[in-house]
Amino acid sequence: MPPRGLGAKKEKPKDTRGTIRRIARYLTRYRWVLLALLVCTLVSNVGNLLGPTFAGKAIGAAVDAGQVDFAVVAYYAKWMLGAYLVGNLLSFLVNQGMMRLGRRVARQMRQDVFDKLMALPVSYFDRNQAGDIISRVSYDIDVVTTCLSADLIQILTSVVTVVGSFGMMCMISLPMVTGLCITIPMAIGFTRFMGKRTRPLYARRSAAYGRMNGYVEEMFSGQKTILAYAYEDQVCEDFSQINRDAAEAYRAADALGMTTGPTINMINNLGLSLVGMAGAVLYLLGLTGMEQISSFVLYSRKFCGPINEVANILNELYSALAAAERVFALLDQPEETADAPGAQVLSRVAGEVEMDHVRFGYLPGQTVLHDLSLRAKPGQTVAIVGHTGAGKTTIINLLMRFYDVDSGEIRVDGTPICRLTRDSLRRAYAMVLQDTWVFHGTVYENIAYGKEGATMEEVVAAAKAARIHSYIMRLPQGYQTVIREDGGNISKGQKQLLTIARAMLYDTHMLILDEATSNVDTNTEQQVQRAMQTLMQGKTCFVIAHRLSTIQNADWILVMDHGDVVEQGTHETLMAQKGAYYRLYAAQFS
């Protein structure tokens with residue numbers, strides 16, 4: 001099977017106008033700053049537009065009068081210099097302001113995306129690669145804000161320059177404008193034609209980069225496994241294909257996009273040639289002077305230059321729109337369903353949990369749990385065993401309302417969990433998962449993660465109960481030792497002990513243990529089991545275990561097989577039946 005990302009469907013822009021409107025809403029949050037920058041842009045362009053007029057008057061004073069009047073030439077030269085200085089100074093200030101504005105928009109956009117990610121259901125992260133999500137948060141937002149910082153003001157400046165130059169040319173000589181009237185429609189028509197062809201290519205490029213980032217993140221997180229299986233060559237080959245697809249998407253977009261600028265430049269040069277011919281004819285006929293021709297030519301350069309610049313900027317604009325669509329597609333994802341109206345806050349938890357004829361599947365038509373019923377009394381330990389894929393972890397997902405059941409009902413203390421607030425339901429559980437998670441921070445911060453305001457004494461007590469205190473004290477700074485991202489500087493067993501200590505500190509009435517001792521050695525497991533017995537006292541516990549030795553003392557054991565409970569009872573009764581549980585036990589201890 002090819003790696004994710006190969007042969008993926010090409011993305012096309014869905015709503016360009018809607019995307020532009022949504023970007024504009026981010027800008028209008030800083031409307032007064034934007035208005036000030038627009039005023040400065042207008043004043044800057046007025047200064048730059050007056051320059052050719054003063055230049056034309058200086059040339060006219062030197063040529064049309066038949067003799068050079070240096071005083072007049074110097075007078076207009078000073079005004080021309082002043083106009084250009086003011087215009088360029090304001091242009092510099094505008095560029096600085098837009099850069100700062102772009103950074104503010106980037107910060108706000110990233111905050112919105114991150115807040116959205118925190119509100120999305122677990123199913124979204126199950127369906128999407130982490131690398132692709134990271135690509136939207138970093139690369140795509142950078143593309144959008146870079147366009148806002150550098151290109152937006154350039155487009156505005158170009159529009160003002162083009163309109164102002166065209167107006168000045170019309171005032172100078174309408175006959176000479178006719179040459180440009182031939183080439184302007186050609187330039188506009190060609191730009192629109194190329195825009196329709198390049199936009200899908202830039203959307204494809206953004207998607208290809210997202211797939212590549214997703215594959216890279218996935219491979220780096222499994223680097224040790226790749227080395228252990230000597231799979232480097234295949235990974236490199238797969239990445240080479242994904243990289244080739246991304247490079248081809250980049251080349252296809254830029255190769256077509258970069259033809260726009262030179263073509264528009266050629267059309268503009270054709271317009272300038274027509275202007276020059278018209279000016280020469282009018283001058284020979286005595287219908288215009290050198291002053292008018294000089295000013296007109298300078299204005300025509302100002303008129304054509306921005307058109308060429310905008311044609312080149314449009315490539316970056318299309319890329320930014322494609323990136324923005326990916327960002328907004330994430331922001332438009334449906335959030336976790338809201339709590340039901342009048343949902344109750346789960347408080348004073350006794351810990352009675354019931355699953356009544358529950359049916360569930362992650363995908364339509366693919367049922368994982370068929371007709372599951374169980375009851376855990378307060379303080380009771382329920383163990384769930386079975387082969388991989390039997391549905392054990394799915395039960396945990398449903399208990400925590402990471403997913404909602406398709407039919408049936410789950411109740412806590414007699415209240416259906418769909419009538420409880422998710423926050424209070426999840427706070428009622430402490431969890432220790434097989435996939436341990438620690439973050440970049442001190443040992444103290446990792447253990448105290450679930451309990452706000454936890455004291456050092458409480459953290460130390462939890463660490464001692466989890467049998468990891470002595471190890472922590474051997475670290476360079478003890479509890480203040482910083483753990484690297486994802487716990488790269490500690491072993492898997494130590495990470496799991498940290499998560500167990502975290503659960504011990506988090507005082508709840510219900511506990512979920514999903515292979516909680518899978519990463520510790522046998523001797524440590526025995527120590528942790530004794531600590532876990534203390535942790536589990538008086539709590540309703542759900543224990544998923546493959547090591548059947550760890551659940552022999554469970555009050556009730558469910559044996560799962562393909563989404564059904566095939567056996568249930570205590571360890572002794574199940575062993576006496578010599579059925580599925582007996583065979584699992586015998587396979588481990590024969």
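What is the handedness of the crossing of H14 and H16? The structure is a predicted model, and the chain as a whole provides the setting for the answer.

The chain contains 19 helices and 12 strands. Of its 590 residues, 46% count as buried. Among contacts in the chain with a separation of 6 or more, 79% are made by residues 24 or more positions apart.

Two packed helices are described by the angle between their axes and the distance between the axes. Helix H14 spans residues 456–465 and helix H16 spans residues 492–505; their axes come within 8 Å and cross at roughly 125°. Angles of 65 to 115 degrees count as roughly perpendicular and those over 145 as roughly antiparallel, and H14 and H16 are therefore oblique to each other. Their crossing is right-handed. On the H14 side, the residues that meet H16 are Glu 458, Val 459, Ala 462, Ala 463 and Ala 465; on the H16 side, Ala 501, Met 504 and Leu 505 take part. By class, this contact comprises 7 nonpolar residues, no polar residues and 1 charged residue.

Helix H19, formed by residues 580–589, offers a view of burial around a single helix. Its buried residues are Ala 580, Tyr 581, Leu 584 and Tyr 585. These lie on the same side of H19 because they cover an arc of only 135° around the axis. The face turned away from that buried side carries Arg 583 and Ala 587, which are exposed. The cover over the buried residues of H19 includes three strands, S3 (381–386), S11 (556–561) and S12 (564–569), together with helix H18 (571–577).

Technical notes
Residues are numbered from 1 along each chain as its sequence is written. This is a predicted model: local features need pLDDT of at least 70, side-chain atom pairs count only at pLDDT 80 or more; totals for chains, interfaces and linings use all residues. Side-chain values use heavy atoms; hydrogens and water are left out. Axes are lines fitted to C-alpha atoms, for helices over the stretch in contact, and angles run from 0 to 180 degrees between N-to-C directions. Helices (H or I, at least four residues) and strands (E, at least two) are DSSP runs, numbered from the N terminus. Angles under 35 degrees count as roughly parallel, over 145 as roughly antiparallel, 65 to 115 as roughly perpendicular and the rest as oblique. A crossing is left-handed if the near helix is turned anticlockwise from the far one by less than a right angle, and right-handed if clockwise. Contact means heavy atoms within 4.5 Å. Ala, Val, Leu, Ile, Met, Phe, Trp, Tyr, Cys and Pro count as nonpolar, Asp, Glu, Lys and Arg as charged, and the others, Gly among them, as polar. Buried means under 20% relative accessible area, exposed over 50%, partly exposed in between (1.4 Å probe, protein chains only). The arc is that of the directions from the helix axis to the C-beta atoms.
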